[in-house]
Amino acid sequence: MTAGAPTPEAQLQETQLQETQLQETQWPRWEIFKQDTAARPLQAVGSVHAGDPEHALLTARNVFVRRPAAVSLWAVREDDLLTATPEALATHPELLATPGEAGRYQVGIKATAKRSMTFVDLVGAVEASGPGDALGQARALHPDALAWQVFAEAAAVKSDASPETVESWFAPARDKTYKQQQFYGVIGRHVSAFKQSGKPAQAEETP
């Protein structure tokens, strides 16, 4: 080690400090639930960082409603979600005692390990004394789930359900076409051409 070089401990502390500072300056993270049609459940499709509820919904619409169409969006702050797997509850049963406000809680479950763009489907709601109680009820109602997620319904920010808003927010996505990546233009030759020829791919010079 050269003189003046930081020790591994000092580097670790610096990294942790930078991560803490980054978290403190980032907007809060919101989990997004999207409903494709009135006949389908709301599904967790991903998350966005946003400064307030309206910002979260607008960002979610731009990110997750490109294709296909949707009829409803919900945004829930990450801090308002309680998620657990059977393994997590086995090692941390105290999660079932997580305190919070009494009220109506939405219940989401992950029912299959099949690869999917969605994490959980919202399957109903329960009246609970807090998030821990809601989690316990979710486990009792859906014992075979791979994961449970609950949040107070009051914590969810929802897109306006009026027909006018649904039309203006989500209708444009219905007409958007979708192209597989190989249909977009490329500079030079597509990598599949090199695979077919057995030659390694390399950049082509243009005059």
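The questions below ask how some features of this predicted model earn their names.

Q: Why is the contact of E78 with R29 called a salt bridge?
A: The closest N and O atoms of E78 and R29 are 3.7 Å apart, and a salt bridge requires a side-chain nitrogen of Lys or Arg within 4 Å of a carboxyl oxygen of Asp or Glu, so the pair qualifies. E78 lies in the loop between β3 and β4 while R29 belongs to strand β1, so the pair ties together parts that are 49 residues apart in sequence.

Q: Why is E153 called partly exposed?
A: The relative accessibility of E153 is 21%, and because buried means under 20% and exposed means over 50%, with partly exposed in between, E153 counts as partly exposed.

Q: What makes R104, E153 and K158 a network of salt bridges?
A: The side chain of E153 meets that of R104 at 3.0 Å, N to O, and the side chain of E153 also meets that of K158 at 3.4 Å. Both distances are within the 4 Å that the term salt bridge allows, and therefore E153 takes part in both pairs and R104, E153 and K158 are linked.

Q: How do you know which kind of residue, nonpolar, polar or charged, each part of the second largest pocket's lining belongs to?
A: Among the lining residues are L81, T98 and E101; because Leu counts as nonpolar, Glu as charged and residues outside the two lists as polar, these three stand for the three classes. The whole lining divides into 8 nonpolar, 1 polar and 3 charged residues.

Key
Residues numbered from 1 in each chain as written. Predicted model: local features only at pLDDT ≥ 70, side-chain atom pairs only at ≥ 80, totals over all residues. Heavy atoms only, no water. 1 Å grid on protein atoms, 1.4 Å probe; cavity = no way out; pocket = protein on both sides within 12 Å on 5 of 7 lines; lining within 4 Å. Helix = DSSP H or I, 4+ residues; strand = E, 2+ residues; numbered from the N terminus. Buried < 20%, exposed > 50% of the residue type's maximum accessible area, 1.4 Å probe, protein only.
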